[in-house]
Amino acid sequence: MEFKNLVKANRSYRGFDENRRVSREELLEMVDCARLTASSVNQQPLRYYLAYEKADVDRIQPLTKWARGLPDMELPHKGMCPTAFIVICQDTRVWESTARFTRDVGIAAQTILLSATEMGLGGCMIGNFSPAQISEASQLPEYLIPLLVVAIGKPAEKVILTEAGPDESTNYYRDENDVHYVPKRRLEDIVIQ
């Protein structure tokens, strides 16, 4: 797939086909791609907890909060949850401060999702969770701090990119058919002349 089309296809999905399980091997391939990306001062402190067994996924799902921009809607809808999660953690034995590696987390998560998209899967980065609850549910040692949860699965919803209107609102929304719209600013509005 051409890179720009891969980027366009990589959306934040909040509805998945629960019949399509994601395998450990697929998750390992995604993490292997993330492993090869840049890391601040090349410290590589990120570690990845893979949840793909139904019991593990079912423990993590209720600890995540989705689509803060749609507060009156519960997402994912019942029966449309992801079938895997990758919890991106920092190993504080490598570097204690998590602030230095926030860029690394973004680079790793985007790489994971681009890899998933290339496989015909999709996902969503979730930052709204309690690290302590995720640690407990995943039985992580205290030196691994969860920084981001990435949901993975086979998308079962339509997401459409639109151009931000004259009011420049970037609030995403859903129509009466549950199609998800994501307004994007125009290129000429974000490039500094």
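**Note on helix H2, salt bridges and a surface patch**

1. Leu187 is exposed, its relative accessible area being 61%. The residue belongs to helix H6 (residues 187–190). Together with Ile190 and Val191, Leu187 makes up a nonpolar surface patch of about 300 Å² of accessible area. The model under review is a predicted one, and the points below should be read accordingly.

2. Helix H2 (residues 24–35) has the length expected of it: at 1.5 Å a residue, its 12 residues should span 16 Å, and the C-alpha atoms at its ends lie 16 Å apart. Its buried residues are Glu26, Leu27, Met30, Val31 and Ala34. They occupy an arc of only 135 degrees around the axis and therefore fall on the same side of H2. In general, an α-helix has 3.6 residues a turn, so residues three or four places apart point the same way.

3. Which elements cover the buried residues of H2? The cover includes strand S1 (46–51), strand S2 (84–91), helix H4 (102–118) and strand S4 (144–153). On the face turned away from the buried side, H2 carries the exposed residues Glu25 and Arg35.

4. Arg35 also takes part in a salt bridge with Asp32, at 2.6 Å from N to O. The two residues are three apart in helix H2, which means that about one helical turn separates them. Asp32 counts as partly exposed, with 30% relative accessibility.

5. The structure contains 11 salt bridges. One of them pairs the side chains of Asp91 and Arg47, at 3.7 Å from N to O. This pair links distant parts of the chain, since Asp91 lies in strand S2 and Arg47 in strand S1, 44 residues apart. Asp91 is buried, at 2% relative accessible area, whereas Arg47 is partly exposed, at 31%.

6. A further salt bridge joins Arg174 to Asp178, with 3.1 Å between the closest N and O atoms. Arg174 is buried, with a relative accessible area of 12%; Asp178 is partly exposed, at 25%. Elsewhere, Arg47, Asp91 and Arg93 are joined into one network by salt bridges that share partners.

7. Is Asp56, in helix H3 (residues 54–60), buried or exposed? Its relative accessibility is 17%, and with the cut-off for burial set at under 20%, Asp56 counts as buried. Apart from neighbours within four places in sequence, Asp56 is in contact with Tyr49 and Ala51. The C-alpha atoms of Asp56 and Ala137 are separated by 8.1 Å, although these residues are 81 residues apart along the chain.

Terms used. Residues are numbered from 1 along each chain as its sequence is written. This is a predicted model: local features need pLDDT of at least 70, side-chain atom pairs count only at pLDDT 80 or more; totals for chains, interfaces and linings use all residues. Side-chain values use heavy atoms; hydrogens and water are left out. Patches are made of residues with over 30% relative accessible area and no salt bridge: like charges are joined within 9 Å, nonpolar side chains (Val, Leu, Ile, Met, Phe, Trp, Tyr) within 5 Å. Accessible areas come from the Shrake-Rupley method with a 1.4 Å probe; for residues, only the protein chains shown count as cover. A salt bridge is a side-chain nitrogen of Lys or Arg within 4 Å of a carboxyl oxygen of Asp or Glu. Helices (H or I, at least four residues) and strands (E, at least two) are DSSP runs, numbered from the N terminus. Buried means under 20% relative accessible area, exposed over 50%, partly exposed in between (1.4 Å probe, protein chains only). Contact means heavy atoms within 4.5 Å. The expected span of a helix is 1.5 Å times one less than its number of residues. The arc is that of the directions from the helix axis to the C-beta atoms.
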